[in-house]
Amino acid sequence: MTEGFSTRAIHAGQPADPVTGAVVTPIYATSTYLQDAVGQMRNGYEYSRTKNPTRLALEECLAALEEGTHGFAFASGLAAEDTLLRAICSPGDHVVIPNDAYGGTYRLFAKVASRWGLNYTPAAISDVDAVRAAVTDKTTVIWVETPTNPLLNIADIEALGVLAREIGAKLVVDNTFASPYLQRPLTLGADVIVHSTTKYVGGHSDVVGGALIVKDEEMAAELGFHQNSMGAVASPFDAWLTLRGIKTLAVRMERHCDNAERVVEWLAGRNDISEIRYPGLTEHPGHKVAAAQMRRFGGMISVRLRGGEQSAIDVCNRTKLFTLGESLGGVESLIEHPGRMTHASTEGSPLEVPGDLLRLSVGIEDAEDLLADLSQAFGD
Ligand SMILES: *Cc1c(COP(=O)(O)O)cnc(C)c1O
């Protein structure tokens, strides 16, 4: 990997268009391609579910950013996850999942994959011994997010990679919260990276997408086969929007981190908050591991309010600049109540989140304006 991250973000997989010289990869809105003779394709393009030049540019760029060899782009993060599970698991297999996984990921395991015969155990993925204790003789996958959504727990990717190899399982890392700018799990021993590119990778809250990235030929062939066979691919327009977002990923992430640090500093001075969950804080239980495996600590912050659930809901309802909404990782700041919104599907399960929890996705606006908005929302 000779070129720097920002150079790869702007150029990897995106040479000038061979037909026109267009500097930006065009949106190749076509379902099919001319064959010069029966079965004789030009440049390997046959049908766009199988391969499309705009999607290929995104896939090559993502692979370069994650220091993998192959990327696969999907219609959503969950489509990527579903395809991955069918590709690497069989009915009867067992997966260890985070006990505070993203609600949609939990729902996929609990309500969809389980009906297909896949078993799972939620575990505290910040504790390698707890993960080891959850392993059975049928475990084929250890699945982690780091930082987790919404509690910002940190998994030690290197240590879990060692455990996965020891038991003959694959380590899957959902790298959505960190983005490849802050953390590259394949270099730390992960086998597969999952992204909801809807979040930081796309970065502008204007497209839903997902991706898988690997560095192993056999796994790549398996994923490519399933991507084509299951068909939940990213459209050329979605791929183009995502590529456009990626070009500024490095500068956006620096600003997300700068602003999040300012917000954390402001929150730390308040006595109506009982806990701040941000891996950049030295008192965060995963701080040391995060400092070792991440470049900086990201733009996501979760806090618990002393006033309980109603206080958390009141703050959400009062912010003006922080938009009340699901999702995260866009240029605009967002606020939400995980218990009633993104993680409502975990209610009554081992993954249920505390009612007094607020989640902030700190955007790249002026920090002073963000602090002023939080100040009025907290009723100062
Ligand atoms: C949003 C999200 C997903 C799901 O992605 P979609 O693009 O919404 O399907 C998966 N993992 C994490 C950590 C997420 O935040």
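**Figure 1. Ser327 in the loop between strands E12 and E13 of the predicted model**. Ser327 counts as partly exposed because its relative accessibility is 25%, and partly exposed residues fall between the 20% limit for buried and the 50% limit for exposed. The loop that holds Ser327 runs between strand E12 (323-324) and strand E13 (334-336). Phi of Ser327 is near 75°, which is a positive value in a residue other than glycine. Most residues other than glycine have a negative phi.

**Figure 2. Glu67 in the loop between helix H2 and strand E3**. Glu67 is another residue other than glycine with a positive phi, here near 60°. Helix H2 (53-65) lies on one side of its loop and strand E3 (70-74) on the other. With a relative accessibility of 28%, Glu67 counts as partly exposed.

**Figure 3. Two cis peptide bonds in the loop between strand E6 and helix H6**. Thr146 and Pro147 are joined by a cis peptide bond with omega of about -5°. Pro147 is placed in the loop between strand E6 (139-145) and helix H6 (157-167). Pro150 lies in the loop between E6 and H6 as well, and the peptide bond to Pro150 from Asn149 is cis, with omega near 10°. Most peptide bonds are trans.

**Figure 4. Surroundings of His284 in the loop between strand E10 and helix H11**. Strand E10 (273-277) and helix H11 (287-293) bound the loop in which His284 lies. His284 has a relative accessible area of 7% and is therefore buried, the limit for buried being under 20%. A polar atom of the His284 side chain lies 2.7 Å from the backbone oxygen of Leu152. Not counting residues up to four places away in sequence, His284 touches Leu152, Asn153 and Ile154, and also Arg277, Tyr278 and Pro279.

**Figure 5. Surroundings of Asn52 in the loop between strand E2 and helix H2**. Asn52 lies after strand E2 (40-41) and before H2, in the loop between them. Its relative accessible area is 2%, so Asn52 is buried. The side chains of Asn52 and Ser48 are joined by a polar contact of 3.1 Å. With neighbours within four places in sequence left aside, the residues in contact with Asn52 are Tyr28, Thr30, Tyr33, Tyr45 and Pro236.

**Figure 6. The whole protein, as context for the close-up views, with 13 helices and 14 strands**. The C-alpha trace spans about 75 × 50 × 35 Å along its principal axes. The radius of gyration is 21 Å, which agrees with the value near 21 Å for a compact globule of 380 residues. Of the 380 residues, 54% count as buried. Among contacts with a separation of 6 or more, 72% are between residues 24 or more positions apart. The accessible surface comes to about 15500 Å², and carbon and sulfur atoms account for 51% of this surface. The protein has 32 positive and 48 negative charges, and the mean positions of the two sets are 1 Å apart.

Methods
Residues numbered from 1 in each chain as written. Predicted model: local features only at pLDDT ≥ 70, side-chain atom pairs only at ≥ 80, totals over all residues. Heavy atoms only, no water. Helix = DSSP H or I, 4+ residues; strand = E, 2+ residues; numbered from the N terminus. Rg over C-alpha atoms; globule rule 2.2 N^0.38 Å. Buried < 20%, exposed > 50% of the residue type's maximum accessible area, 1.4 Å probe, protein only. Contact = heavy atoms within 4.5 Å. Areas by Shrake-Rupley, 256 points an atom, 1.4 Å probe, with all protein chains shown as cover. Lys, Arg positive; Asp, Glu negative; His and termini not counted. Charge placed at Lys NZ, Arg CZ, Asp CG, Glu CD. Polar contact = N/O pair within 3.5 Å; in protein donor to acceptor, adjacent residues only side chain to side chain.
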